[in-house]
Amino acid sequence: MPFREINSKMVEATLAPGQKLFSQRGAMLAYRGEVSFTPNIQGGQGGVASMIGRRVAGEAAPLMTVEGSGTVMFGHGGHHIQVIELAGDTLYVEADRLLAFDGTLRQGTMFMGSQGGVMGMVRGQVTGQGLFTTTLTGHGAVAVMAHGGVIELPIAPGRDVHVDPQAYVAHHGEVRNKLSTAVGWRDMAGRGSGEAFQLELSGSGAVYVQASEEKL
(Lines give C-alpha, C1' and ligand atoms only; values in the text may rest on other atoms or scores of the structure.)
Protein backbone atom coordinates (compact mmCIF):
# COMPACT_ATOMS: atom_id res chain seq x y z
CA MET A 1 0.00 0.00 0.00
CA PRO A 2 1.99 2.99 -1.19
CA PHE A 3 1.84 6.34 0.58
CA ARG A 4 1.53 9.39 -1.66
CA GLU A 5 3.47 12.39 -0.46
CA ILE A 6 1.18 15.44 -0.46
CA ASN A 7 4.00 17.65 0.77
CA SER A 8 7.01 17.24 3.04
CA LYS A 9 4.79 16.98 6.12
CA MET A 10 1.70 15.11 4.89
CA VAL A 11 1.10 11.76 3.21
CA GLU A 12 -2.01 10.07 1.85
CA ALA A 13 -2.83 6.35 1.83
CA THR A 14 -5.48 4.63 -0.27
CA LEU A 15 -7.39 1.80 1.41
CA ALA A 16 -9.36 -0.94 -0.31
CA PRO A 17 -11.70 -3.46 1.35
CA GLY A 18 -9.69 -6.16 3.09
CA GLN A 19 -6.64 -3.96 3.53
CA LYS A 20 -5.52 -2.28 6.73
CA LEU A 21 -2.72 -0.16 8.05
CA PHE A 22 -1.50 0.99 11.44
CA SER A 23 -0.92 4.59 12.40
CA GLN A 24 0.20 6.52 15.43
CA ARG A 25 -2.79 7.74 17.41
CA GLY A 26 -3.60 11.34 16.60
CA ALA A 27 -1.87 11.16 13.20
CA MET A 28 -5.06 11.16 11.07
CA LEU A 29 -5.64 14.61 9.54
CA ALA A 30 -8.57 13.92 7.19
CA TYR A 31 -10.16 11.11 5.22
CA ARG A 32 -12.64 10.35 2.45
CA GLY A 33 -14.84 7.29 2.14
CA GLU A 34 -15.91 4.59 4.61
CA VAL A 35 -12.91 4.30 6.91
CA SER A 36 -12.79 3.10 10.53
CA PHE A 37 -10.21 3.84 13.21
CA THR A 38 -9.90 1.57 16.24
CA PRO A 39 -7.33 1.43 19.07
CA ASN A 40 -4.91 -1.42 18.44
CA ILE A 41 -4.45 -3.81 21.36
CA GLN A 42 -2.91 -6.70 19.40
CA GLY A 43 0.53 -5.15 19.02
CA GLY A 44 0.31 -4.76 15.25
CA GLN A 45 1.01 -7.64 12.88
CA GLY A 46 3.35 -9.15 15.47
CA GLY A 47 0.46 -10.08 17.76
CA VAL A 48 0.20 -10.08 21.54
CA ALA A 49 3.73 -11.35 22.11
CA SER A 50 5.11 -8.42 20.14
CA MET A 51 2.97 -5.98 22.12
CA ILE A 52 4.11 -7.41 25.47
CA GLY A 53 7.74 -7.34 24.37
CA ARG A 54 7.53 -3.69 23.37
CA ARG A 55 5.82 -2.65 26.57
CA VAL A 56 8.33 -4.46 28.75
CA ALA A 57 11.06 -2.76 26.72
CA GLY A 58 9.44 0.64 27.02
CA GLU A 59 9.49 0.72 23.21
CA ALA A 60 5.81 1.11 22.44
CA ALA A 61 3.75 3.85 20.82
CA PRO A 62 -0.07 3.88 20.84
CA LEU A 63 -1.36 2.62 17.49
CA MET A 64 -4.64 2.79 15.60
CA THR A 65 -5.87 0.15 13.17
CA VAL A 66 -7.18 1.82 10.01
CA GLU A 67 -9.53 -0.17 7.77
CA GLY A 68 -12.20 0.36 5.13
CA SER A 69 -12.41 1.89 1.68
CA GLY A 70 -11.17 5.39 0.96
CA THR A 71 -8.20 7.70 1.32
CA VAL A 72 -6.62 8.89 4.57
CA MET A 73 -4.22 11.79 5.12
CA PHE A 74 -1.61 11.55 7.87
CA GLY A 75 0.74 14.00 9.57
CA HIS A 76 1.86 14.72 13.11
CA GLY A 77 3.38 17.65 14.95
CA GLY A 78 4.50 19.36 11.77
CA HIS A 79 7.34 16.84 11.45
CA HIS A 80 8.87 16.03 8.09
CA ILE A 81 7.82 12.64 6.73
CA GLN A 82 9.93 10.10 4.85
CA VAL A 83 8.32 7.13 3.07
CA ILE A 84 10.46 3.97 3.08
CA GLU A 85 9.65 0.99 0.84
CA LEU A 86 10.57 -2.46 2.17
CA ALA A 87 11.10 -5.38 -0.19
CA GLY A 88 11.26 -8.30 2.21
CA ASP A 89 13.91 -6.81 4.48
CA THR A 90 13.74 -5.34 8.00
CA LEU A 91 13.54 -1.70 9.04
CA TYR A 92 14.94 -0.71 12.45
CA VAL A 93 13.29 2.46 13.77
CA GLU A 94 12.36 4.08 17.07
CA ALA A 95 8.66 3.57 17.85
CA ASP A 96 7.88 7.26 18.36
CA ARG A 97 9.10 8.00 14.81
CA LEU A 98 6.48 5.75 13.19
CA LEU A 99 3.67 7.71 11.56
CA ALA A 100 1.94 4.91 9.64
CA PHE A 101 2.80 1.59 8.01
CA ASP A 102 1.31 -1.25 5.98
CA GLY A 103 -0.70 -3.78 7.93
CA THR A 104 1.11 -6.56 6.05
CA LEU A 105 4.41 -5.78 7.79
CA ARG A 106 5.41 -7.90 10.78
CA GLN A 107 6.23 -5.83 13.83
CA GLY A 108 8.64 -6.74 16.61
CA THR A 109 11.23 -5.47 19.09
CA MET A 110 14.99 -5.93 19.06
CA PHE A 111 17.37 -5.55 21.99
CA MET A 112 20.02 -3.11 20.80
CA GLY A 113 22.68 -4.94 22.78
CA SER A 114 22.45 -7.72 20.21
CA GLN A 115 23.93 -5.39 17.61
CA GLY A 116 27.40 -4.54 18.83
CA GLY A 117 27.17 -6.28 22.23
CA VAL A 118 27.90 -3.97 25.12
CA MET A 119 28.47 -1.04 22.75
CA GLY A 120 24.91 -1.44 21.51
CA MET A 121 23.73 -0.99 25.08
CA VAL A 122 25.98 2.06 25.50
CA ARG A 123 24.46 3.53 22.37
CA GLY A 124 21.02 3.35 23.89
CA GLN A 125 22.15 5.06 27.07
CA VAL A 126 24.11 7.85 25.35
CA THR A 127 21.65 8.68 22.57
CA GLY A 128 18.53 8.45 24.71
CA GLN A 129 16.96 6.17 22.10
CA GLY A 130 16.63 3.32 24.57
CA LEU A 131 18.03 -0.19 24.64
CA PHE A 132 15.30 -1.54 22.36
CA THR A 133 14.15 -0.55 18.89
CA THR A 134 11.10 -1.46 16.80
CA THR A 135 11.47 -3.70 13.75
CA LEU A 136 9.18 -3.90 10.70
CA THR A 137 9.71 -6.81 8.31
CA GLY A 138 8.18 -7.75 4.97
CA HIS A 139 6.94 -6.09 1.80
CA GLY A 140 5.26 -2.72 2.22
CA ALA A 141 5.65 0.96 2.97
CA VAL A 142 6.50 2.81 6.17
CA ALA A 143 6.09 6.54 6.83
CA VAL A 144 8.54 7.81 9.46
CA MET A 145 8.89 11.25 11.06
CA ALA A 146 11.98 13.41 11.39
CA HIS A 147 13.13 16.97 11.97
CA GLY A 148 14.21 19.05 8.99
CA GLY A 149 13.93 16.40 6.30
CA VAL A 150 15.76 13.10 5.72
CA ILE A 151 18.54 11.86 3.48
CA GLU A 152 19.17 8.18 2.64
CA LEU A 153 22.82 7.12 2.78
CA PRO A 154 23.75 3.74 1.24
CA ILE A 155 25.92 1.35 3.24
CA ALA A 156 28.11 -1.14 1.37
CA PRO A 157 30.97 -3.50 2.28
CA GLY A 158 34.08 -1.40 2.76
CA ARG A 159 32.02 1.80 2.73
CA ASP A 160 30.94 2.30 6.33
CA VAL A 161 28.86 5.31 7.32
CA HIS A 162 29.42 7.35 10.50
CA VAL A 163 26.38 9.18 11.84
CA ASP A 164 25.79 11.59 14.69
CA PRO A 165 23.60 9.45 17.01
CA GLN A 166 21.15 12.33 17.48
CA ALA A 167 20.67 12.63 13.70
CA TYR A 168 19.98 8.89 13.26
CA VAL A 169 16.39 8.07 12.20
CA ALA A 170 16.34 4.44 10.99
CA HIS A 171 18.21 1.84 8.96
CA HIS A 172 17.49 -1.32 7.00
CA GLY A 173 19.38 -4.19 5.47
CA GLU A 174 22.15 -6.42 6.79
CA VAL A 175 23.71 -3.67 8.87
CA ARG A 176 25.80 -3.78 12.03
CA ASN A 177 26.06 -0.76 14.29
CA LYS A 178 28.38 0.22 17.08
CA LEU A 179 29.16 3.36 19.01
CA SER A 180 32.62 4.77 18.41
CA THR A 181 34.44 7.73 19.89
CA ALA A 182 36.15 10.53 18.02
CA VAL A 183 38.32 12.42 20.45
CA GLY A 184 40.32 15.24 18.86
CA TRP A 185 42.20 18.29 20.01
CA ARG A 186 38.97 20.24 20.56
CA ASP A 187 37.76 17.61 23.04
CA MET A 188 41.12 17.52 24.75
CA ALA A 189 40.98 21.32 25.13
CA GLY A 190 37.47 21.19 26.51
CA ARG A 191 35.97 22.90 23.46
CA GLY A 192 34.42 19.91 21.75
CA SER A 193 31.48 20.20 19.36
CA GLY A 194 29.47 17.65 21.35
CA GLU A 195 30.05 15.03 18.62
CA ALA A 196 32.56 12.91 20.53
CA PHE A 197 30.35 9.87 19.91
CA GLN A 198 29.55 8.54 16.45
CA LEU A 199 27.30 5.71 15.33
CA GLU A 200 29.28 3.51 12.94
CA LEU A 201 27.19 1.42 10.52
CA SER A 202 28.69 -1.29 8.33
CA GLY A 203 27.45 -4.06 6.07
CA SER A 204 24.90 -3.71 3.26
CA GLY A 205 21.81 -1.53 3.38
CA ALA A 206 20.95 2.11 4.04
CA VAL A 207 20.66 4.54 6.94
CA TYR A 208 18.28 7.50 7.15
CA VAL A 209 19.65 10.70 8.68
CA GLN A 210 17.66 13.78 9.65
CA ALA A 211 18.84 17.36 9.14
CA SER A 212 18.75 18.07 12.86
CA GLU A 213 20.09 16.79 16.18
CA GLU A 214 16.71 17.35 17.84
CA LYS A 215 14.70 14.41 19.18
CA LEU A 216 10.99 14.09 18.49
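The exercises below work through a predicted model, each with a solution in steps.

**Exercise 1. The surroundings of strand 3**

Task: Decide whether strand 3 is enclosed or open, and find which strands pair with strand 3.

Solution.
Step 1. Strand 3 covers residues 20-24, and four of its five residues are buried, so the strand is largely enclosed by the rest of the structure.
Step 2. One partner is strand 5 (residues 63-74), which pairs with strand 3 in the antiparallel sense over five bridges. In this pairing, Phe22 stands opposite Thr65.
Step 3. Another partner is strand 7 (residues 98-102), and here the antiparallel pairing with strand 3 runs over three bridges. Ser23 stands opposite Ala100 of strand 7.

**Exercise 2. An aromatic pair**

Task: Classify the aromatic pair of Phe22 and Phe101, and state which parts of the chain the pair ties together.

Solution.
Step 1. The structure has two aromatic pairs. Phe22 and Phe101 form an aromatic pair, with ring centres 5.5 Å apart and 35 degrees between the planes.
Step 2. Planes under 30 degrees apart would count as stacked and those over 60 as edge-to-face, so the pair is classed as tilted.
Step 3. Phe22 belongs to strand 3 and Phe101 to strand 7, so the pair ties together parts that are 79 residues apart in sequence.
Step 4. Phe22 has 1% relative accessibility and counts as buried. Phe101, also at 1% relative accessibility, counts as buried.

**Exercise 3. A network of salt bridges**

Task: Find which residues are linked in a network of salt bridges, and state how exposed Glu12, Arg4 and Arg32 are.

Solution.
Step 1. A search of the whole structure gives two salt bridges.
Step 2. In one of them, the side chains of Glu12 and Arg4 meet at 3.0 Å, N to O. In another, the side chains of Arg32 and Glu12 meet at 3.4 Å, N to O.
Step 3. Arg32 is part of strand 4 (residues 28-39) and Glu12 part of strand 2, so their pair ties together parts that are 20 residues apart in sequence.
Step 4. Glu12 takes part in both bridges, and Arg4, Glu12 and Arg32 are linked in a network.
Step 5. Glu12 is at 10% relative accessibility; the limit for buried is under 20%, so Glu12 counts as buried. Arg4, with a relative accessible area of 48%, is partly exposed. Arg32 is at 52%; exposed means over 50%, so Arg32 counts as exposed.

**Exercise 4. The nonpolar cores**

Task: For the largest nonpolar core, name the residues that touch the most other members and the elements that give two or more residues.

Solution.
Step 1. The largest nonpolar core has 17 residues, and those touching the most other members are Phe3, Val11, Leu21, Val66, Phe74 and Leu99.
Step 2. Two or more residues come from each of strand 2 (10-15), strand 5, strand 6 (80-93), strand 7 and strand 9 (132-146).
Step 3. Another core, of 16 residues, lies apart from this one; among its residues are Leu63, Ile84, Val142 and Val169.
Step 4. Take Val11 as an example from the largest core. Beyond its neighbours within four places in sequence, the contacts of Val11 include Phe3, Val72, Phe74, Leu99 and Ala143.

**Exercise 5. Two residues of strand 12**

Task: His172 and Arg176 lie in strand 12. Decide for each whether the residue is buried or exposed, and describe its contacts.

Solution.
Step 1. Strand 12 covers residues 168-181 and holds Arg176; His172 lies in strand 12 too.
Step 2. The relative accessible area of His172 is 13%; buried means under 20%, so His172 is buried. For Arg176 the value is 54%; exposed means over 50%, so Arg176 is exposed.
Step 3. The side chain of His172 makes a polar contact with the side chain of Asp89, at 2.8 Å. Leaving aside neighbours within four places in sequence, other residues in contact with His172 include Leu86, Glu152, Ser204 and Tyr208.
Step 4. With the same neighbours left aside, Arg176 is in contact with Glu200, Leu201, Ser202 and Gly203. Arg176 and Glu200 are 24 residues apart along the chain, and their C-alpha atoms are separated by 8.1 Å.

How values were computed
Residues numbered from 1 in each chain as written. Predicted model: local features only at pLDDT ≥ 70, side-chain atom pairs only at ≥ 80, totals over all residues. Heavy atoms only, no water. Buried < 20%, exposed > 50% of the residue type's maximum accessible area, 1.4 Å probe, protein only. Contact = heavy atoms within 4.5 Å. Pairing = 2+ DSSP bridges. Polar contact = N/O pair within 3.5 Å; in protein donor to acceptor, adjacent residues only side chain to side chain. Core = buried A, V, L, I, M, F, W, Y, C linked by side-chain atoms within 4.5 Å. Phe/Tyr/Trp six-rings, centres within 6.5 Å; stacked < 30°, edge-to-face > 60°. Salt bridge = Lys/Arg side-chain N within 4 Å of Asp/Glu carboxyl O.
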